[in-house]
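Dear colleague,

Please find the structure below, handed over for your records. My notes on selected features come after it.

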Amino acid sequence: MSGRAQLMWDEAVTGYDFGPDHPMDPVRLALTRRLVDALGLDREVSVVSAKPAGESTLRLVHREDYIEAVKAASADPRAADTSYGLGTVDDPAFAGMHEVSSLIAGLSVGAAEAVWRGDALHAVNFSGGLHHAMPGGAAGFCVYNDASLAIARLLELGARRVAYVDVDVHHGDGVQAAFWEDPRVLTISLHEHPRTLFPQTGWPEETGAGAGEGAAVNVALPAGTGDAGWLRAFHAVVPELVAEFRPDVLVTQHGADTHFEDPLAHLAVSLDAQRAVQVACHSLAHEYAGGKWVALGGGGYAVVDVVPRSWTHLVGIAAGRPVEPETVIPEGWRREVFARTRQLGPVRMTDGRWPVSWGEWEAGYDPADRLDQAVLATRRAVFPLRGLLA
């Protein structure tokens with residue numbers, strides 16, 4: 001087992017571009033990669049590319065007719081079939097869509113293979129985490145579901161149990177759907193409540209079906225939840241379930257759109273709390289999965305101030321060289337930000353809230369508090385199904 005972390009990267013992922021007016025601006029990927037380099041993290045990781053996912057790999061999750069529809073839209077965006085979610089406002093068709101989506105999927109699958117085979121202990125693909133894509137359709141800015149494909153590849157390679165933890169502000173619906181009846185995959189999603197945010201799924205009562213009953217976990221957080229509530233919910237649900245499940249590999253999705261500056265959602269989480277959850281996921285991987293950790297990106301639409309800093313923290317944690325929150329960001333990176341976006345870049349790697357504190361669930365809960373009600377609903381729905389006390 002190599003102790004060296006891998007950063008999955010290919011400059012071509014910046015071609016995942018829905019157009020100039022779309023919130024998922026690929027500049028967020030380019031700026032993250034440059035910040036990783038500017039802070040010297042390149043010296044701490046192996047930067048690795050991978051082949052695009054081939055059709056046999058894509059078919060581990062996606063239907064053949066859908067793959068053909070993506071390829072057709074990729075060749076002629078005007079011919080996109082909207083019945084597959086392509087050519088819509090959320091997922092406009094663009095030339096080369098299939099190729100770049102396959103590349104992002106290939107990077108996540110490559111990350112999974114590297115970790116499983118022992119080429120790396122941790123692997124990060126911050127261009128991935130496209131968790132809304134369904135077996136037969138695009139959704140929510142996502143064409144191919146690289147997170148599901150990485151998990152499916154781990155199962156194909158012989159993993160008996162894979163835990164997936166998704167802290168994007170939106171419900172990880174596509175990954176949940178892919179493994180809804182599969183007891184080998186534990187999916188845990190913490191997200192803004194479906195009453196107030198796309199995709200209007202992820203209720204605590206969604207717990208899986210058939211042999212997979214109890215393997216889907218959803219924490220639906222009230223709009224406005226901030227650092228203390230978000231971390232309280234995470235620690236009240238995730239560690240106990242991961243400890244019970246004992247995964248062979250931990251796969252995590254770190255959408256940065258929980259941030260209080262994100263324009264598409266309504267949580268109020270800081271960069272410092274995001275970093276705290278990244279640290280917690282790293283610790284869970286070592287405690288319960290032999291250190292095997294695949295970490296993905298996801299949403300995040302404050303593309304200058306938030307996303308690059310959040311995912312650079314993720315890379316540093318995976319590399320074993322966490323970036324201290326008070327670190328001053330190199331001026332050269334800030335100049336590049338201005339040249340690319342005409343925006344002023346952040347000065348430090350913190351929102352000024354480190355260290356972040358929260359109340360432990362074991363110390364007691366308030367039944368009148370909306371955050372505690374959300375946590376309790378999840379624990380009551382799923383914990384007994386896993387033999388745990390709610």
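The notes below cover one buried serine, one helix pair, one loop alanine and some backbone features.

This is a predicted model, in which local features need pLDDT of at least 70 and side-chain atom pairs count only at pLDDT 80 or more, while totals for chains, interfaces and linings use all residues. Residues are numbered from 1 along each chain as its sequence is written, and side-chain values use heavy atoms, with hydrogens and water left out.

Ser-189 lies in strand S5 (residues 185-192); helices (H or I, at least four residues) and strands (E, at least two) are DSSP runs numbered from the N terminus. With a relative accessible area of 5%, Ser-189 is buried (buried is under 20%, exposed over 50%, partly exposed in between, with a 1.4 Å probe and protein chains only). Its side chain reaches the backbone nitrogen of Gly-172 at 3.2 Å, and a polar contact of 2.8 Å joins it to the side chain of His-191. A polar contact is a pair of N or O atoms within 3.5 Å; within protein, one must be able to donate a hydrogen and the other to accept it, and residues adjacent in sequence count only if both atoms are side-chain atoms.

Helix H1 (residues 27-38) and helix H9 (residues 307-319) have axes that come within 8 Å and cross at roughly 50°; axes are lines fitted to C-alpha atoms, for helices over the stretch in contact, and angles run from 0 to 180 degrees between N-to-C directions. H1 and H9 are therefore oblique to each other (under 35 degrees is roughly parallel, over 145 roughly antiparallel, 65 to 115 roughly perpendicular, and the rest oblique). Among the residues making the contact are Leu-31 and Leu-35 of H1 and Trp-311 and Val-315 of H9, where contact means heavy atoms within 4.5 Å.

Trp-311 is also one of the residues in contact with Ala-256, as is Val-307. Ala-256 lies in the loop between strand S7 (249-253) and helix H8 (271-288) and is buried, with a relative accessible area of 1%.

Turning to the backbone, most residues other than glycine have a negative phi, and most peptide bonds are trans. The bond from Phe-198 to Pro-199 is cis, with omega near 5°, and the bond from Trp-354 to Pro-355 is cis, with omega near -5°. Phe-141 has a positive phi of about 75° and is buried at 10% relative accessible area. Arg-246 has a positive phi near 50° and, at 44% relative accessibility, is partly exposed.

Yours sincerely

Methods:
Lists of a residue's contacts leave out its neighbours within four places in sequence.
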